[in-house]
Amino acid sequence: MSNTGPFTLKWGILATGGIAKTFTKDLLIPTTTRNASDIQHELVAAASSSSLSRAQTFLNEVGAPETAVPYASYADLVADPNVDIIYVATPHSHHYQHARLALEAGKHVLCEKAFTVNAAQAQILIDIAREKKLFLMEAMWTRFFPVAKEVRDIVKSGQLGEVIRVWADLSFWKDVEGEFGTAHRMVNLELAGGALLDLGVYSLTWVFQILYHIVPAEERGPPAVASAMTKYEATGCDETTSMILTFPGGAQGIATTSLRVAHHPTPTSPSAHAPIRIQGTLADIHIPYPPYRPQSYVLLPASNDARGTLASFPEQTVTREVPAGGHGMFYEADECARCIRDGKLESEVMPWEESLEVMRVMDLARRQGGLDYGDLEGTGYL
Ligand SMILES: NC(=O)C1=CN([C@@H]2O[C@H](COP(=O)(O)OP(=O)(O)OC[C@H]3O[C@@H](n4cnc5c(N)ncnc54)[C@H](OP(=O)(O)O)[C@@H]3O)[C@@H](O)[C@H]2O)C=CC1
Ligand SMILES: O=C1OC[C@@H](O)[C@H](O)[C@H]1O
């Protein structure tokens with residue numbers, strides 16, 4: 001690493017919807033507020049497929065520097081020589097096309113979750129990134145929170161004993177018809193909507209972080225998958241999907257998602273149990289809602305009348321709040337900057353192979369549930 005000051009990563013934002021705005025605001029929070037002063041981010045451009053004025057409005061709304069350039073097309077954005085990395089923030093249906101557009105133009109890519117519609121598309125993006133020596137990462141921001149890292153480290157240390165089971169739910173207790181109708185991206189088949197790709201991917205990421213990511217390579221393997229899927233009648237997307245994953249060695253992951261019921265109808269109520277529960281032979285870890293933005297965890301030693309308390313530590317709650325009023329999306333942006341600075345094509349925290357495995361599990365669950373996205377499943381390009 002050079003000692004000439006922080007490495008600067010120059011960002012172009014592809015799309016101007018809800019999450020693009022949240023992410024970009026985080027990008028503009030100085031890295032010094034989170035002890036990440038070895039890198040910094042610069043917002044250099046944003047594009048809207050709708051209009052130039054929408055791109056300009058977006059830049060104004062996020063508080064972009066005056067030098068940031070608005071574009072009226074994604075093609076123009078990826079052609080900007082001043083841009084290093086493109087953040088793809090379009091609906092699932094378009095991730096493959098837009099990430100590929102950026103890679104083909106020679107840009108590094110951070111692509112929103114779910115990475116693509118299926119594993120075949122993810123594989124092609126990875127192949128292109130490898131061939132062109134470009135950084136590519138699924139924007140699974142949850143993994144980069146300090147709490148997620150701490151939890152992985154605790155499990156790795158053996159403090160929980162052997163992890164036997166991980167329960168993971170991300171569901172929203174919604175009036176689905178009233179809130180989403182048929183056109184909203186959450187339920188619209190033409191945008192690859194549905195609970196699984198939008199929310200279930202988080203349940204899977206918690207299961208994978210514990211039962212796959214931190215398992216030594218020689219013991220690790222893809223899980224067997226048994227799933228059930230119930231459709232939303234109005235569009236045919238999945239409304240409630242439940243998956244039981246059995247990993248080599250026998251540990252089980254139970255990953256669930258729904259648009260109509262949740263682990264608790266008022267997930268932030270003090271009586272709500274945790275949506276993520278990592279269960280070991282000596283202790284559990286519970287992670288409260290929201291599991292996609294984890295800011296605390298509870299360590300619970302196992303205990304019963306007959307055997308007493310097995311672990312040698314008390315129950316404890318650890319809280320790590322996101323600093324500087326951020327949403328927590330800057331952690332994944334920092335990872336991109338460090339990887340690119342260090343010449344890495346992929347992140348060790350969210351490696352290509354694991355995005356692919358998660359996509360394969362979702363492919364299997366969709367096959368078992370009879371959910372096919374038709375033409376959106378293709379690997380043709382633009
Ligand atoms: N990490 C997280 O916490 C979150 C991630 N997401 C992910 O981000 C992605 C976008 O979600 P979100 O921002 O909520 O969606 P929005 O509908 O708010 O925004 C999507 C944007 O994509 C662009 N777009 C391009 N083509 C289309 C199309 N055919 N239909 C609709 N929009 C299109 C539009 O921008 P323009 O007109 O400017 O081109 C639009 O504003 C999804 O993949 C979702 O899973 C979403 C929410 C939270
Ligand atoms: O990624 C997401 O996480 C937060 C949710 O609010 C959102 O619907 C989803 O796309």
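In this predicted model, helix H8 and helix H10 meet through a long list of side-by-side residues: Leu196, Leu197, Val201, Leu204, Thr205, Phe208, Tyr212 and His213 on the H8 side, and Glu354, Glu357, Val358, Val361, Met362, Ala365 and Arg366 on the H10 side. Sorted by class, this contact holds 10 nonpolar, two polar and three charged residues.

## H10 and its two partners

Helix H8 spans residues 195-213, and its axis lies 10 Å from that of H10, at an angle of about 125 degrees. The two helices, H8 and H10, are therefore oblique to each other. Their crossing is right-handed.

Helix H10, residues 352-369, also packs with helix H5, residues 119-132, at an angle of about 165 degrees and with the axes 8 Å apart. That angle makes H5 roughly antiparallel to H10, because angles over 145 degrees count as such. Here the crossing is left-handed.

Which residues of H5 meet H10? They are Ala119, Ala122, Gln123 and Ile126, and their counterparts in H10 are Trp352, Ser355, Leu356, Met359, Arg360 and Asp363. This contact of H5 with H10 divides into six nonpolar, two polar and two charged residues.

Here are the two helix pairs in brief.

| Helix pair | Angle | Axis separation |
|---|---|---|
| H5 and H10 | about 165 degrees | 8 Å |
| H8 and H10 | about 125 degrees | 10 Å |

## Two domains and a ligand

Let us step back to the domains. The domain assignment gives domain 1 as 7-142 + 329-347 and domain 2 as 146-325. Their centres, taken over C-alpha atoms, are separated by 27 Å. Domain 1 puts 11 residues into the contact between them, and domain 2 puts in 13 residues. On the side of domain 1 that touches domain 2, there are five nonpolar, four polar and two charged residues.

Where does ligand 1 sit with respect to domain 1 and domain 2? Both domains give residues to the shell around ligand 1, so the ligand lies between them. That shell has 23 residues, and the closest are Thr16, Gly17, Gly18, Ser48 and Ser49. Helix H1, residues 18-27, supplies the largest share of the shell, with three residues. By class, the residues around ligand 1 split into nine nonpolar, nine polar and five charged.

## Backbone details to check

A few backbone features are worth a look if you are preparing this model for your own work. Ala15 has a positive phi of about 105 degrees, although this residue is not a glycine. Ala15 belongs to the loop between strand S1, residues 7-14, and H1. The helix at the end of that loop, H1, is the one that gives three residues to the shell around ligand 1.

There are also cis peptide bonds to note. One joins Lys113 and Ala114, with omega about -25 degrees. Ala114 is found in the loop between strand S5, residues 108-112, and H5; helix H5 is the one that packs against H10 at about 165 degrees. Another cis peptide bond runs from Tyr289 to Pro290, and its omega is near 0 degrees. Where along the chain is Pro290 found? Pro290 is in the loop between strand S12, residues 283-287, and strand S13, residues 296-301.

Notes: Residues are numbered from 1 along each chain as its sequence is written. Chains are lettered from A and ligands numbered from 1 in the order in which they are written. This is a predicted model: local features need pLDDT of at least 70, side-chain atom pairs count only at pLDDT 80 or more; totals for chains, interfaces and linings use all residues. Axes are lines fitted to C-alpha atoms, for helices over the stretch in contact, and angles run from 0 to 180 degrees between N-to-C directions. Helices (H or I, at least four residues) and strands (E, at least two) are DSSP runs, numbered from the N terminus. Angles under 35 degrees count as roughly parallel, over 145 as roughly antiparallel, 65 to 115 as roughly perpendicular and the rest as oblique. A crossing is left-handed if the near helix is turned anticlockwise from the far one by less than a right angle, and right-handed if clockwise. Two residues are in contact if their C-beta atoms, placed from the backbone, lie within 7 Å. Ala, Val, Leu, Ile, Met, Phe, Trp, Tyr, Cys and Pro count as nonpolar, Asp, Glu, Lys and Arg as charged, and the others, Gly among them, as polar. A residue is near a molecule or strand if its C-beta atom, placed from the backbone, lies within 6 Å of it. Domain bounds come from an automatic or database domain assignment.
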